[in-house]
Amino acid sequence: MLTQSCPIPCDPLDHSLRGCSRPWDFTASLSKMKVTLSALDIHESSFTPLVIIELAQDVKEETKEWLKNRIITKKKDGGAQLLFRPLLNKYEKETLENQNLYLVGASKIRLLLGAEAVGLVKECNDNTMRAFTYGTRHNFKDFDDDNDDFLSMAERQFIIKHELENLRARDEKMIPGYPQAKLYPGKSLLRRLLTSGIVAQVFPLHDNEALKKLEDAWYTRFTLKFQPIDRIRGYFGETIALYFGFLEYFTFALIPMAIIGLPYYLFAWEDYDKYVIFASFNLIWSTVILEVWKRGCASMTYRWGTLVMKRKFEEPRPGYHGVLGINAVTGREEPLYPSYKRQLRIYLVSLPFVCLCLYFSLFVMMIYFDMEAWALGLHEDSGSEWTSILLYVPSIIYAIVIEVMNRLYRYAAEFLTSWENHRLESAYQNHLILKVLVFNFLNCFASLFYIAFVLRDMKLLRQSLATLLITSQILNQIVESLLPYWLQKKHHVRVKKKVEALKADIDATLYEQVVLEKEMGTYLGTFDDYLELFLQFGYVSLFSCVYPLAAAFAVLNNLTEVNSDALKMCRVFKRPFSEPSASIGVWQLAFETMSVISVVTNCALIGMSPQVNALFPESKTDLILIVVAVEHTLLALKFILAFAIPDKPRHIQMKLARLEFESLEALKQQKD
């Protein structure tokens, strides 16, 4: 990472807080923090650029000066108290493009005080995890006044993002130079600048040296090894590290299913009684792996500190709008929007639209079956090799259409969910995930349910399942990683030629890095990555007794998925801001729901087999009752297993209980 000099002299800093107090002495720590923050100087002789702010072209000078002052002004005066300078100096601006790029950083003390403000949790010298406080910094493991690596790169950039987002309007009624961009007290300045188009983007800068080391340990050598999850967390943050941890865990969890499924492939497809044991194992497996993951996830997030992080009161999301008023809970001034209007939008517009899309998906599915019938009729008439290959064409076309429809619907779902005007980001994400999951589930699995339970054509079911699974995996690899990487490589070559042609005396390395990264695509989060695993889990678990090879194909795909996703994160997209996470969130519930549905489908498929039907030649009612009884027994077993396996290991539970006890003791001491 490059360190850039700033021509402004540095004032001495206040080092009065070098003493330590007890880890729970929050009152003393807070008062000391205020003293230090007020004394902290806003200028540094040099600073490491962590975040880039790109302004739109032709932004007025008074707006630039106002934004600069708000960023560097001290906290007590309403600023962020960060370090800020343009990428190019006055001479360079006359000879180069990209004049609206600015570097943002912070001094070491400012970052440590920011770590306390956001509630980062770190490991203490007594091996416990506690919320970091500046006044007790020497009680934390690996802290040293001369050590700049106490906070990871991801944590430092997260702190700067938090400070920028919490820059709020005070007395301003509008953004200087832009009277149409209205402000009110408490409004987030960065959000208004982004929505008004004055700020084009804000993104964290890569650390090329650390990135190269991470790549060498992660994916540059294609070998079967564990991923460096802790190093991924240190560079990208907990949310992305949890995704890669889950991807790795899920891949290893699929291996037993793949090994057991391979011998079944050698048996006659119509002997469904042979699959009863395999299906039963699948159902227990799907429950156990999800419960064991929760335990592993708790251990990881405790080690990272996010499991014990205090959840702060959620601020309104950036896109939330309404009439300015007073929040009854916080007493703060913020936009207010009647909930009944939101409900009307959901039930009168969003719900009918989703239902219309589901109907269209079913209509496309029926067209696919017409194509299947046409291909089958053509093959029966001619019986040639070409027509036998043609039998797979409708499934391939349908798989491609499904992927296209899923992506188009995603854009529509995002627009609708944003238009519903949810106050909280968590509510927005939950409504978006619900819309997308319902459509994707129907779009991907409706045809398989129709073939299995209406047509009852097991041969066609195996063919369709295999085609959908393999085609979707290939398309995802191309669209998500290979194509963007190829485009990014072409852009990189153009930027290098342009920089080499420059004769200006500039720091070409930093200039090239910033210009290259600002043109990279923006990583939109782990939603699509989890969705891909969710659909894969459905293909493996829903129809396991019909196509036991699904797990083997999933393992092969995921072995390459780990590397392609790593390449995507490191070389295709901008570096995303770190987001603290304690779990995979609502996706845990989604996977558990899929495992429950798989019990029903597998029991029904086994009950429909000729061998099972032959056992009840007289009464189908007895057969149905037995299948339902078996299904309920397996569901009961699933819930018993889920209850019997604790979500957190015993040692983690004990540590959390100890922290809770010490917090209560601290409150008692404060009252005394």
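**A buried helix and its surroundings**

In this predicted model, 15 of the 16 residues of helix α17 are buried (under 20% relative accessible area, 1.4 Å probe, protein chains only), so α17 is largely enclosed by the rest of the structure. Local features need pLDDT of at least 70 and side-chain atom pairs count only at pLDDT 80 or more, while totals for chains, interfaces and linings use all residues. Residues are numbered from 1 along each chain as its sequence is written, and side-chain values use heavy atoms, with hydrogens and water left out.

Helix α17 covers residues 527–542 and reaches 22 Å from its first C-alpha to its last. That span is close to the expected 22 Å, where the expectation is 1.5 Å times one less than the number of residues. Helices (H or I, at least four residues) and strands (E, at least two) are DSSP runs, numbered from the N terminus; the protein has 22 helices and 12 strands.

Two packed helices are described by the angle between their axes and the distance between the axes. For α10 (residues 276–304) and α17, the angle is about 150 degrees and the axes lie 10 Å apart. The axes are lines fitted to C-alpha atoms over the stretch in contact, and angles run from 0 to 180 degrees between N-to-C directions. The two helices are therefore roughly antiparallel, a term for angles over 145 degrees. Asn282, Trp285, Ser286 and Ile289 of α10 meet Phe537, Val540 and Ser541 of α17 in this contact (heavy atoms within 4.5 Å). The residues involved divide into 4 nonpolar, 3 polar and no charged; Ala, Val, Leu, Ile, Met, Phe, Trp, Tyr, Cys and Pro count as nonpolar, Asp, Glu, Lys and Arg as charged, and the others, Gly among them, as polar.

Across the protein, 51% of the 672 residues count as buried. The largest nonpolar core (buried Ala, Val, Leu, Ile, Met, Phe, Trp, Tyr and Cys residues joined through side-chain atoms within 4.5 Å) has 106 residues, and Trp218 and Trp587 have the most contacts inside it. Helix α9 (residues 238–265) gives the most to this core, with 13 residues. Apart from it lies another core of 54 residues, including Phe150 and Val199.

Ile400, in helix α13 (residues 393–419), is partly exposed (between 20% and 50%), with a relative accessible area of 39%. Leaving aside neighbours within four places in sequence, Ile400 is in contact with Thr471 and Leu475.

How values were computed. Angles under 35 degrees count as roughly parallel, over 145 as roughly antiparallel, 65 to 115 as roughly perpendicular and the rest as oblique.
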